[in-house]
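Hi everyone, thanks for making time this morning. I'd like to walk you through one chain, so let me put it up on the screen.

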Amino acid sequence: MKKNKISLPEKRERRISARRILYAMFLTVVMSVYFVQSAAAAETVWEKANEIMKDVYNQIILLSTIAAVVTAAVALLLMNFSKAGRTVDECRMWLKRIVITWVILNGLGFIMAYITPFFADGRWTG
């Protein structure tokens, strides 16, 4: 009985061509430039936080103005078309609350935009 020998594939020498090395170097340089941000364009954490806070505040002001106009319109309509004195008094109280809240929210924006720059770095700069 003959045993069949299973031949293992012969190891071939693997050559690394110069083209592959140059291509890998090219890809490394291109990808490193692609993933690295410019230091001149980078912002500090505080500048980014300030920008985000201003954006959020502007959205709050936008929504509060729309809500104030709608609720004030409903209160004025109820006040004009109601025959009950109690409803008219409650509508006046709601109008007063709406106006006060809206003025406070916009006053905070005024303080942040125009007053706080005078106190930059903890010193009076005016």
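**Helices, packing and a pocket**

Let's start in the middle of the chain: in α2, the buried residues are I61, S64, A68, A72, A75 and M79. Please keep in mind that this is a predicted model. What do those buried residues of α2 pack against? The partner is α3.

Now look at it from the other side. In α3, the buried residues are V88, C91, L95, I98 and G109, and these pack against α2, residues 45-81. So much for that pairing; let me step back to the whole chain.

The secondary structure consists of three helices and zero strands, and reading along the sequence gives the pattern α-α-α. How much of the chain is buried? Of its 126 residues, buried ones make up 9%. The chain exposes about 12300 Å², with carbon and sulfur atoms supplying 67% of that area. On contacts, take those between residues at least 6 apart in sequence: 43% of them join residues at least 24 apart.

Next, the helices one by one, with a check on their lengths. Helix α1 covers residues 18-35, which is 18 residues. From first C-alpha to last, α1 reaches 26 Å, close to the 26 Å expected at 1.5 Å a residue. Why do I say that α1 lies largely in the open? Because the number of buried residues among its 18 is zero.

For α2, with 37 residues, the span should be 54 Å at 1.5 Å a residue, and the end C-alpha atoms are indeed 54 Å apart, so the two agree. Helix α3 runs over residues 85-115, and its 31 residues should span 45 Å at 1.5 Å each. The end C-alpha atoms of α3 are 43 Å apart, which agrees with that expectation.

Let me zoom in on a single residue, N106, which sits in helix α3. Is N106 buried, partly exposed or exposed? Its relative accessibility is 25%, so N106 counts as partly exposed. If we leave aside neighbours within four places in sequence, N106 is in contact with Y57 and I61. That second name should ring a bell, since I61 is one of the buried residues of α2. As for Y57, it is 49 residues away from N106 along the chain, yet their C-alpha atoms are separated by 9.8 Å.

Y57 also brings me to my last topic, the largest pocket, since Y57 is one of its lining residues. A word on the idea behind the search: rolling a probe the size of a water molecule over the atoms shows where empty space is left. Here, the largest pocket has a volume of about 230 Å³. Which residues line it? They are N50, M53, K54, Y57, N58, G109, M112 and A113. Both α2 and α3 supply at least two residues each, and the largest share, five residues, comes from α2. By class, the lining has four nonpolar, three polar and one charged residues. Notice G109 in that list; we met it earlier among the buried residues of α3.

That's my tour, and I'm happy to take questions.

Note on methods
Residues are numbered from 1 along each chain as its sequence is written. This is a predicted model: local features need pLDDT of at least 70, side-chain atom pairs count only at pLDDT 80 or more; totals for chains, interfaces and linings use all residues. Side-chain values use heavy atoms; hydrogens and water are left out. Helices (H or I, at least four residues) and strands (E, at least two) are DSSP runs, numbered from the N terminus. The expected span of a helix is 1.5 Å times one less than its number of residues. Buried means under 20% relative accessible area, exposed over 50%, partly exposed in between (1.4 Å probe, protein chains only). Contact means heavy atoms within 4.5 Å. Accessible areas come from the Shrake-Rupley method with a 1.4 Å probe; for residues, only the protein chains shown count as cover. On a 1 Å grid over the protein atoms alone, a cavity is a set of points where a 1.4 Å probe fits but cannot get out, and a pocket is an open set with protein on both sides within 12 Å along at least five of seven lines; lining residues have an atom within 4 Å of a point. Grid points are joined across faces, edges and corners, and a volume is the space filled by probe spheres set on the points. Ala, Val, Leu, Ile, Met, Phe, Trp, Tyr, Cys and Pro count as nonpolar, Asp, Glu, Lys and Arg as charged, and the others, Gly among them, as polar.
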